[in-house]
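Let's take a friendly walk through a protein model together. Have the sequence and the 3D view ready, and follow along.

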Amino acid sequence: MSGSNMWEAVSGIVRRDLLLAMRRRSDAAMSVFFLVIVVSLFPLGVGPEPAVLRIIGPGVLWVAALLACLLSLGRVFTADYLDGVLEQMVLIPQPLAILVVGKILAHWLISGLPVVLLSPLLGLQFGLSGEPLGVLVMSLLLGTPTLSMIGAIGAALVLGVRGSGLLVALLVLPLYVPILIFGAGAVTSSMAGIGGEANLSLLGACLVLSLFLAPWATAAALRIALE
Amino acid sequence: MLQAVALHCSRGERRLFTDLNVKVERGSLLAVVGENGSGKTSLLRIFSSLLPPEQGSVLWEGQDIQQLKELYSAELTYIGHLNAIKDDLTPLENLMSAMSLTGESCSHNGAKEALEAIGLKRPIHHLPSKVLSQGQKRRVALARLWLSTRPLWLLDEPFTSLDTAATGVVTQRLHTHLQRGGLAVVVTHQEVALPAETIQRLRLTG
């Protein structure tokens, strides 16, 4: 099999998923709205004290981004599983893991990238500015693809199980903890003036590691789900 | 040539078939018949490599399909009892994305011709598939057969919810496929109206 065929399969699946998201904009917009609403509720609940908001800001933004990702995980494979497209995906003449990369990329473009793009605005709400704000965007840019990849493993494992929404949260949230710690930690340490580079490189390492492992694990889980 | 050697299959506690041996030559069609729940779909899924056989093996041109993997996938077109159609996409988009997924990309015009061949007229090509009837959706799924260049076709109940005209057209397409040296395994309740010498029947008793 040639490289161009593989590229065709990946770009084909990304284009199809983006097209589907365009046809169902409300679904795609849901996780972004969720993020904005959750993040906006905190200043209302905690009070408008700038010093307090600045301290909780990074943590709140990261937890909200993580939950928004979790909310959209159910859509990654379920529809394809129910309408039979997943069977066709397993039977393509390319390694399934390659196609899974395409599915994850599409998921990130639909639900992860908007979070990254909105984050400077949301960060301003919490009094973040200057370097910490830049580090926040950077940490989300490195962290959200990892969330999509780990999430895809969970989503594939619970395919066809009743009450899968809750189950995927139980499976995936513990694995999200390191990403949350490094992500929020990067912003906090940048605010403390010691720079966020250490945490950002750890996030980068997580990204590379999950890019290496997650597609294979997801592909294996999908095959089991179809047996 | 597709060959099943001493296949065993059970789902849960139930034993569906044991020691099943069958051989399908090029140019012939294997019609799998049997009662509901007798393991017809399971057999087709084993043939497609979606379901690994419990015991025994499936050979394609003499080689085990478990070892051939993607090479075997490049030889087959599988249409399951699910249509693999996205409700939000039009028939044309569905067909083209299905073909690009299997690595047999087709042109816009090629896809249109395939849809017309199975009796879906032009205005329907651009409607969202969710407004189509069951029979029309089935036709969209089966339109892949007009674009497929693969030698092995695995079809699960292809004639479900098709009208007589469409059934005839699909049967004709199967006939052409067999004449070109292709082979097919078809799970069906209906008689397939093909010359008797090209059809081989396998009855599963469950």
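## A helix across a sheet

In chain B, helix α1 (residues 40-48) lies across β1, β2 and β4 (55-60), and runs at about 130 degrees to β1(B). Before going further, please keep in mind that this is a predicted model.

The strands under that helix belong to an open sheet of chain B, where 4 strands are arranged in the order β2-β1-β4-β5 with antiparallel pairing. Which strands stand at the edges? They are β2 (14-24) and β5 (63-64) of chain B; each has a single partner strand, so one side of each is left without a neighbour in the sheet.

Strands of a sheet pair through backbone hydrogen bonds, and the pairing can be parallel or antiparallel. Take a look at β1 (residues 2-11) of chain B, which is joined to β2(B) by 7 bridges and runs antiparallel to it. Two pairs can be picked out here: B:Ala4 faces B:Val22 in β2(B), and B:Leu7 has B:Leu20 of β2(B) as its bridge partner. β1(B) and β2(B) also form a hairpin, with 2 residues between them. In the turn of this hairpin, B:Gly12 has a positive phi of about 65 degrees.

## Positive phi without glycine

Most residues other than glycine have a negative phi. Here are two residues of chain B that have a positive phi although neither is a glycine.

| Residue | Phi | Place | C-beta neighbours within 10 Å |
|---|---|---|---|
| B:Glu61 | about 50 degrees | loop between β4 and β5 of chain B | 13 |
| B:Ser161 | about 55 degrees | loop between β7 and α9 of chain B | 14 |

Are these residues buried or exposed? B:Glu61 is partly exposed, because its 13 neighbours fall between the cut-offs of 12 or fewer for exposed and 20 or more for buried. B:Ser161 counts as partly exposed too, with its 14 neighbours.

## A covered strand

Now find strand β8 (residues 183-187) of chain B. How many of its residues are buried? The count is 5 of 5, so by the cut-off of 20 or more neighbours the strand is mostly covered.

In a regular strand the side chains alternate between the two faces of the sheet. In β8(B), one side has B:Leu183, B:Val185 and B:Val187, while B:Ala184 and B:Val186 are on the other; both faces are covered.

β8(B) has parallel partners. Strand β3 (residues 29-34) of chain B is joined to β8(B) by 4 bridges, and B:Ala31 has B:Val186 as its bridge partner there. Strand β7 (residues 152-156) of chain B is joined to β8(B) by 5 bridges, again running parallel. In this pairing, B:Asp156 stands opposite B:Val187. Follow the chain from β7(B) through helix α9 (residues 164-179) to β8(B), and you trace a right-handed β-α-β unit.

## A covered helix

Helix α7 (residues 134-142) of chain B is also mostly covered, with 7 of its 9 residues buried. Among the buried residues are B:Arg138, B:Arg139, B:Val140 and B:Leu142. The elements of chain B that cover the buried residues of α7(B) include β6 (76-79), α4, α6 (122-125), α8 (144-147) and α9.

## Over to chain A

In chain A, look for helix α6 (residues 131-157) and helix α7 (residues 164-191). Two packed helices are described by the angle between their axes and the distance between the axes. The axes of α6(A) and α7(A) come within 9 Å and cross at roughly 170 degrees, which means that α6(A) is roughly antiparallel to α7(A). The residues of this contact divide into 17 nonpolar, 7 polar and 1 charged.

A:Ala152 is in helix α6 of chain A and counts as buried, with 28 C-beta neighbours inside 10 Å. How far apart are A:Ala152 and A:Val100 in space? Their C-alpha atoms are 8.5 Å apart, although the two are 52 residues apart in sequence. Leaving aside residues up to four places away in sequence, A:Ala152 touches residues including A:Val76, A:Val100, A:Ile104 and A:Ala214.

## Where the chains meet

Finally, 22 residues of chain B are in contact with 25 residues of chain A. On the chain B side, α3 (70-73) and α4 (91-101) are the elements that give two or more residues. α4(B) gives the most, with 4 residues. By class, this side of chain B has 10 nonpolar, 9 polar and 3 charged residues.

Conventions
Residues are numbered from 1 along each chain as its sequence is written. Chains are lettered from A and ligands numbered from 1 in the order in which they are written. This is a predicted model: local features need pLDDT of at least 70, side-chain atom pairs count only at pLDDT 80 or more; totals for chains, interfaces and linings use all residues. Two strands pair if DSSP finds at least two bridges between them. A crossover is right-handed if, with the strands pointing away from the viewer, the path from the first strand over the helix to the second runs clockwise. Two residues are in contact if their C-beta atoms, placed from the backbone, lie within 7 Å. Ala, Val, Leu, Ile, Met, Phe, Trp, Tyr, Cys and Pro count as nonpolar, Asp, Glu, Lys and Arg as charged, and the others, Gly among them, as polar. Axes are lines fitted to C-alpha atoms, for helices over the stretch in contact, and angles run from 0 to 180 degrees between N-to-C directions. Angles under 35 degrees count as roughly parallel, over 145 as roughly antiparallel, 65 to 115 as roughly perpendicular and the rest as oblique.
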